[in-house]
Amino acid sequence: MRFRLFIWCLLALALSGHAASAGSILISAAEAALPPAPAAANLALATRGITRRPNVILVSPEASVTSPFNLDFKFRAHGGSAIKPDSFHLIYLKKPTVDLTARVKPFVTAKGVKMEGAEAPPGRHAIKVTIADSAGRKTSAIFVLNVLK
């Protein structure tokens, strides 16, 4: 009887949302241990002239963080176009590169990315964000996440 009561209490706690829950793994320890990408892969392409490509702005984390942390990007389209959330890609710049898109996709909207409780091991992690707008214009931005112990 006590065992059944114990099980019911555990079930009630889990369903109430008060149970401790793990965050979302953004970068695993095994991926972080991969060798860094060649320096050429981290270079942003230079463009000439006026461009109306969308902007990607890293809102959070602003500085060094501890894991878990909130990953927050804002997207901004120009010239009457709209952001296409399906065009979003997130790549971890390692050798070989690691596609993180599927892990972040549930948190992507046309306004940006809001991923609470993102987990990554300590270290400097270079990630490349790519997004496109309804006019077919693509942009990429590279950010370095500095995760402390």
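How much area does the chain expose, and what percentage of it do carbon and sulfur atoms supply? The chain exposes about 9600 Å², with 60% of that coming from carbon and sulfur atoms. Areas here follow the Shrake-Rupley method with a 1.4 Å probe, and for residues only the protein chains shown count as cover.

Before you start clicking: this is a predicted model, so local features need pLDDT of at least 70 and side-chain atom pairs count only at pLDDT 80 or more, while totals for chains, interfaces and linings use all residues. Residues are numbered from 1 along each chain as its sequence is written, and side-chain values use heavy atoms, with hydrogens and water left out.

**Stop 1: the whole chain**

Switch to cartoon view. You should find three helices and nine strands, in the sequence pattern α-β-α-β-β-β-β-β-α-β-β-β. Both element types are DSSP runs numbered from the N terminus: helices are H or I with at least four residues, strands are E with at least two. Of the 149 residues, 32% are buried; buried is under 20% relative accessible area, exposed is over 50%, and partly exposed is in between (1.4 Å probe, protein chains only). Among contacts with a separation of 6 or more, 68% are between residues 24 or more positions apart, a contact being heavy atoms within 4.5 Å.

**Stop 2: the five-stranded sheet**

Now select S3, S9, S8, S5 and S6. In that order they make an open sheet of five strands with mixed pairing. S3 (65–66) and S6 stand at the edges with a single partner strand each, so each has one side without a neighbour in the sheet. Two strands count as paired if DSSP finds at least two bridges between them. As a reminder, strands of a sheet pair through backbone hydrogen bonds, either parallel or antiparallel.

Zoom in on S5 (residues 83–92) and S8 (residues 123–133), which are antiparallel and share six bridges. Show isoleucine 83 and you will find aspartate 133 as its bridge partner in S8. Further along the pair, isoleucine 91 stands opposite lysine 128 of S8.

Stay on S5 and pick serine 87, which sits in that strand. Serine 87 is buried, at 13% relative accessibility. Leaving out residues up to four places away in sequence, serine 87 touches Thr130, Ile131 and Ala132.

Then look at S6 (residues 98–99), which runs antiparallel to S5 and is joined to S5 by two bridges. Tyrosine 92 faces valine 98 there, and the hairpin between S5 and S6 goes through five residues.

**Stop 3: the salt bridges**

How many salt bridges does the count come to? Three, taking a salt bridge as a side-chain nitrogen of Lys or Arg within 4 Å of a carboxyl oxygen of Asp or Glu.

- Select arginine 103 and glutamate 31: their side chains meet at 2.4 Å, N to O. Arginine 103 is in helix H3 (residues 101–104) and glutamate 31 in helix H2 (residues 29–32), so this pair ties together parts that are 72 residues apart in sequence. Arginine 103 is partly exposed at 30% relative accessibility, while glutamate 31 is buried at 12%.
- Next, aspartate 72 and lysine 114, with their closest N and O atoms 3.0 Å apart. This pair links strand S4 (residues 69–76), home of aspartate 72, to strand S7 (residues 112–119), home of lysine 114, 42 residues apart. Aspartate 72 is buried, with a relative accessible area of 10%, whereas lysine 114 is exposed at 53%.
- Last, go back to aspartate 133, the bridge partner of isoleucine 83. Aspartate 133 forms a salt bridge with arginine 137, closest N and O atoms 3.0 Å apart. Aspartate 133 is buried at 0% relative accessible area, and arginine 137 is partly exposed at 23%.

**Stop 4: the nonpolar core**

Show Leu26, Phe69, Phe73, Phe75 and Phe88 as sticks: in the largest nonpolar core, of 27 residues, these touch the most other members. S4, S5, S7, S8 and S9 (138–148) each supply at least two residues of this core. A core here is a set of buried Ala, Val, Leu, Ile, Met, Phe, Trp, Tyr and Cys residues joined through side-chain atoms within 4.5 Å. In soluble globular proteins, nonpolar side chains tend to be buried together.

Finish by centring on leucine 26. Setting aside neighbours within four places in sequence, its contacts include Phe69, Leu71, Leu90, Leu100, Met115 and Leu145. Also among them are Glu31 and Arg103, the salt-bridge pair from the previous stop.
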